[in-house]
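Please look through the sequence and the model before reading on. The report below deals with what lies inside this protein and with how some of its strands are arranged.

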Amino acid sequence: MSNIGKKVKVNYRGTLDDGTQFDSSYDRGETLDFTCGAHQMIPGFDYAVADMAVGEKKTVHLAPSEAYGEHDDNLVFTIRREQTQGMERAAVGDQVGLHGPGGQLVPARIVEVTPSKLVVDANHELAGKPLNFEIELVAVED
């Protein structure tokens, strides 16, 4: 039975290969609800849920290509300090918004700060990392 095109409710725990937890619906006390196969989730997660039955639990290991993709060096930008008015207190790890080619806001994080420049990375923070998920299918709506 396929869940493609159906609204599903799952609980999950996401960890890195070293066991570090990066997210958990259990900790929030609420399910994650999405339409399976509608590209609302990372590809490997969507694929894992596609053939699950209600009440089933599974553990999946996703390569970066099945998750947030490989780290792309083209998404790391250097900005001269004179272009960063209002960011005098910027620090490594701060989240910032960059304007993309169409004017859309692109989230990024500061990875280097010097007196003359800021280096920002617009890759997803989990890009380039294999991910592990414990998934429990709670409900399926047609």
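A nonpolar core is a set of buried Ala, Val, Leu, Ile, Met, Phe, Trp, Tyr and Cys residues joined through side-chain atoms within 4.5 Å, and buried here means under 20% relative accessible area. In this predicted model, the largest such core has 20 residues, and those with the most contacts inside it are Val10, Phe45, Val49, Phe133 and Ile135. Strand 1, helix 2, strand 4 and strand 9 are the elements that give two or more residues to this core. A second core, separate from the largest one, has nine residues, among them Ala90, Ile110, Leu118 and Val120.

Helix 2, which spans residues 43-50, is mostly covered, since six of its eight residues are buried; these are Gly44, Phe45, Asp46, Ala48, Val49 and Ala50. The table lists elements that are included in what covers these buried residues.

| Covering element | Residues |
|---|---|
| Strand 1 | 7-16 |
| Strand 3 | 32-35 |
| Strand 4 | 57-62 |
| Strand 9 | 131-141 |

Phe133 touches Phe45, and its other contacts, not counting residues up to four places away in sequence, include Tyr12, Phe22, Ile42, Val60 and Leu62.

Elsewhere, four strands form an open sheet in the order 5-8-7-6, with antiparallel pairing. Its edge strands are strand 5 (76-80) and strand 6 (95-99), each of which pairs on one side only, and the twist from one strand to the next averages 45°. Strand 5 is joined by five bridges to strand 8 (residues 117-121), and the two run antiparallel; Arg80, for its part, has Lys117 of strand 8 as its bridge partner.

Notes
Residues are numbered from 1 along each chain as its sequence is written. This is a predicted model: local features need pLDDT of at least 70, side-chain atom pairs count only at pLDDT 80 or more; totals for chains, interfaces and linings use all residues. Side-chain values use heavy atoms; hydrogens and water are left out. Buried means under 20% relative accessible area, exposed over 50%, partly exposed in between (1.4 Å probe, protein chains only). Contact means heavy atoms within 4.5 Å. Two strands pair if DSSP finds at least two bridges between them. Axes are lines fitted to C-alpha atoms, for helices over the stretch in contact, and angles run from 0 to 180 degrees between N-to-C directions.
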